[in-house]
Amino acid sequence: MTIPYYSEFYYQTLDVVEQCGFTEINWLDLGCGTGSLEEYVFQRYPNAGFVLADPSEKMLEQARIKLRNKPAEYICCTSDSISFSERFEVITAIQSHHYMSRDERKKATECVYRALKSNGIYICFENIVPEDNEVKEFELHRWGRYQQRQGKTEDEANAHIARCGKNYFPITMSEHILLLKETGFCKVNVFWLSHMQMGIYGIK
């Protein structure tokens, strides 16, 4: 396992959505992967209307198989290219935007805001980096030790943490908060934090 408590992300996401009290849910999942979140959500909301978006057609095909006979639409695209307008109560992006440049991330957040209905919620889980470089190195190596405890070799763990800032581009918690506020979200809150991952929501 690479990311600590990853399965908890789904539980926390659903808990936040349940708190919103929506009577119906149209849900867009960006970077949906193989549809694991949807499989979990459908247990609680069997009539949720899902749109699953991912830049990988291979991932979408696996999601179609996993969610066969479920009410879902599939779109092969990146988050910064969606063109919906005021359609969704819920939009999620779980571990899917840290590969983007800052400009791409900004555009993706603007697209999300436009796609949400009034009072809709955007829930995002992402890798983050501390603002202090020494703390960053400390936390990266702590993350590497976690991976070794989960079965990776020291070389494998070191290779993974070396990708930070080279193959994926996490931003700080403060930058996440500012991005959502500048986009227009009226209520922004960090509701989950562990190792170098965070969960944040913004309400339109």
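Here is a walk through one helix, one buried threonine and a pair of cysteines. Keep in mind that the model is predicted.

Let's start with helix H4, which runs over residues 102-115. Its 14 residues reach 20 Å from the first C-alpha to the last, close to the 20 Å expected at 1.5 Å a residue. Which of its residues are buried? They are Arg105, Ala108, Thr109, Cys111, Val112 and Ala115. Look down the axis of H4 and these buried residues fall within an arc of 160°, so they line one face of the helix. That spacing fits a general rule: an α-helix has 3.6 residues a turn, so residues three or four places apart point the same way. On the other side of H4, Arg102 and Asp103 are exposed. As for what covers the buried residues of H4, the cover includes strands E1 (26-30), E4 (88-94) and E5 (116-127), along with helix H7 (173-183).

Now move to helix H1, residues 6-20, where you'll find Thr13. This threonine has 0% relative accessibility, so it counts as buried. Leaving aside residues up to four places away in sequence, Thr13 touches Trp27, Thr92, Ile94, Ile123 and Phe125.

Finally, the cysteines. How many disulfides does a search of the whole structure find? Zero. Cys76 is in no disulfide, and the nearest cysteine sulfur, that of Cys77, is 7.2 Å away. A disulfide needs the two sulfurs within 2.5 Å, so this pair doesn't qualify. The two also sit in their own surroundings: Cys76 is partly exposed, with a relative accessible area of 42%, whereas Cys77, at 16% relative accessibility, counts as buried.

Key: Residues are numbered from 1 along each chain as its sequence is written. This is a predicted model: local features need pLDDT of at least 70, side-chain atom pairs count only at pLDDT 80 or more; totals for chains, interfaces and linings use all residues. Side-chain values use heavy atoms; hydrogens and water are left out. Buried means under 20% relative accessible area, exposed over 50%, partly exposed in between (1.4 Å probe, protein chains only). Helices (H or I, at least four residues) and strands (E, at least two) are DSSP runs, numbered from the N terminus. Contact means heavy atoms within 4.5 Å. The expected span of a helix is 1.5 Å times one less than its number of residues. The arc is that of the directions from the helix axis to the C-beta atoms.
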